[in-house]
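Biologist: I'm new to this one and would like a close look at a single part of it. Could you put it on screen and then walk me through it?

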Amino acid sequence: LALTTPLGLLHTAIVSFFLVNVLYNYYKCVVTINTGPQCDSVVRELAVATRFVYPETEEELVRCRKAFERKIFEGIKKRRDAIL
């Protein structure tokens with residue numbers, strides 16, 4: 001039915017394009033290896049662009065993870081308190 005009109009064909013083509021695009025991007029995201037010097041340089045550039053202090057040592061990494069977990073926990077607690 002929908003393929004019998006030009007508007008139906010256009011709609012089907014657009015929906016098909018988006019479906020293929022989403023599936024392709026999901027596949028590429030899943031199979032991409034995010035390690036190595038190129039990935040590290042991109043991550044550091046993003047850190048500089050967002051003014052994030054990138055942890056250089058193991059102690060800084062542990063401190064950063066704890067701060068992140070604390071921030072997430074506080075956000076969850078705030079939302080839980082708002083609901084109750």
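Biologist: Before we zoom in, what pattern does the chain follow, read along the sequence? After that, please take me to the salt bridge of Arg 44 and Glu 56, and show me what lies around that part of the chain.

Modeller: Happy to, and keep in mind throughout that this is a predicted model. Read along the sequence, the pattern is α-α-α. That fits the tally of three helices and zero strands. The radius of gyration is 22 Å, well over the 12 Å that the globule rule gives for 84 residues, so the chain is more spread out than a compact globule. You can see this in the C-alpha trace too, which spans about 65 × 45 × 20 Å along its principal axes. Only a small share is tucked away: 4% of the 84 residues count as buried. The accessible surface comes to about 8,200 Å², and carbon and sulfur atoms make up 67% of that.

Now for the part you asked about. Side chains of opposite charge can pair when their charged atoms come close. This chain has 12 positive and 9 negative charges, and the mean positions of the two sets are 8 Å apart. The count of salt bridges comes to two. Yours is the one between Arg 44 and Glu 56, where the closest N and O atoms are 2.8 Å apart. This pair links distant parts of the chain, with Arg 44 in helix H2, which covers residues 37–49, and Glu 56 in the loop between H2 and helix H3, which covers 58–83. Twelve residues separate the two in sequence.

How open are these partners to their surroundings? Arg 44 has a relative accessible area of 37%, so it counts as partly exposed, since that class lies between 20% and 50%. Glu 56 goes past the upper cut-off: at 53% relative accessibility, it counts as exposed.

Let's look at what else is in this part of the chain. Right beside Arg 44 in the numbering is Val 43, also placed in helix H2. Val 43 is partly exposed, with a relative accessible area of 30%. Look from there to Tyr 54: the two are eleven residues apart in sequence, and their C-alpha atoms are 8.9 Å apart in space.

The loop between H2 and H3 also holds Arg 51. Its backbone is worth a glance, as phi of Arg 51 is near 60°, a positive value in a residue other than glycine. Arg 51 is exposed, with a relative accessible area of 78%. To get a feel for the spread of the chain, trace back from Arg 51 to Ala 2: the two are 49 residues apart along the chain, and 51 Å separates their C-alpha atoms. Ala 2 sits in the segment before helix H1, which covers residues 6–31, and it is partly exposed at 46% relative accessible area.

On the other side of the loop, helix H3 gives us one more link back to H2's stretch of sequence. Cys 64 lies in helix H3 and is partly exposed, with a relative accessible area of 25%. From Cys 64 to Asp 40 the distance is 17 Å, C-alpha to C-alpha, with their positions 24 residues apart in sequence.

For contrast, here is the other salt bridge. The side chains of Lys 77 and Asp 81 meet at 3.8 Å, N to O. Both of these residues lie in helix H3, four residues apart, which is about one turn of the helix. So where your pair joins helix H2 to the loop between H2 and H3, this one stays within a single helix. Lys 77 is partly exposed at 43% relative accessible area, and Asp 81 is partly exposed as well, at 47%.

One last stop, away from the charges. The chain has one aromatic pair. Phe 17 and Phe 18 make up that pair, arranged edge-to-face, with 5.5 Å from centre to centre and 65° between the planes. Phe 17 is exposed, with a relative accessible area of 52%.

Definitions and conventions. Residues are numbered from 1 along each chain as its sequence is written. This is a predicted model: local features need pLDDT of at least 70, side-chain atom pairs count only at pLDDT 80 or more; totals for chains, interfaces and linings use all residues. Side-chain values use heavy atoms; hydrogens and water are left out. The radius of gyration is taken over C-alpha atoms; the globule rule is 2.2 Å times the number of residues to the power 0.38. Buried means under 20% relative accessible area, exposed over 50%, partly exposed in between (1.4 Å probe, protein chains only). Accessible areas come from the Shrake-Rupley method with a 1.4 Å probe; for residues, only the protein chains shown count as cover. Lys and Arg count as positive and Asp and Glu as negative; His and the chain ends are not counted. The place of a charge is taken as NZ of Lys, CZ of Arg, CG of Asp or CD of Glu. A salt bridge is a side-chain nitrogen of Lys or Arg within 4 Å of a carboxyl oxygen of Asp or Glu. Rings of Phe, Tyr and Trp (its six-membered ring) pair if their centres lie within 6.5 Å; planes under 30 degrees apart count as stacked, over 60 as edge-to-face and the rest as tilted.
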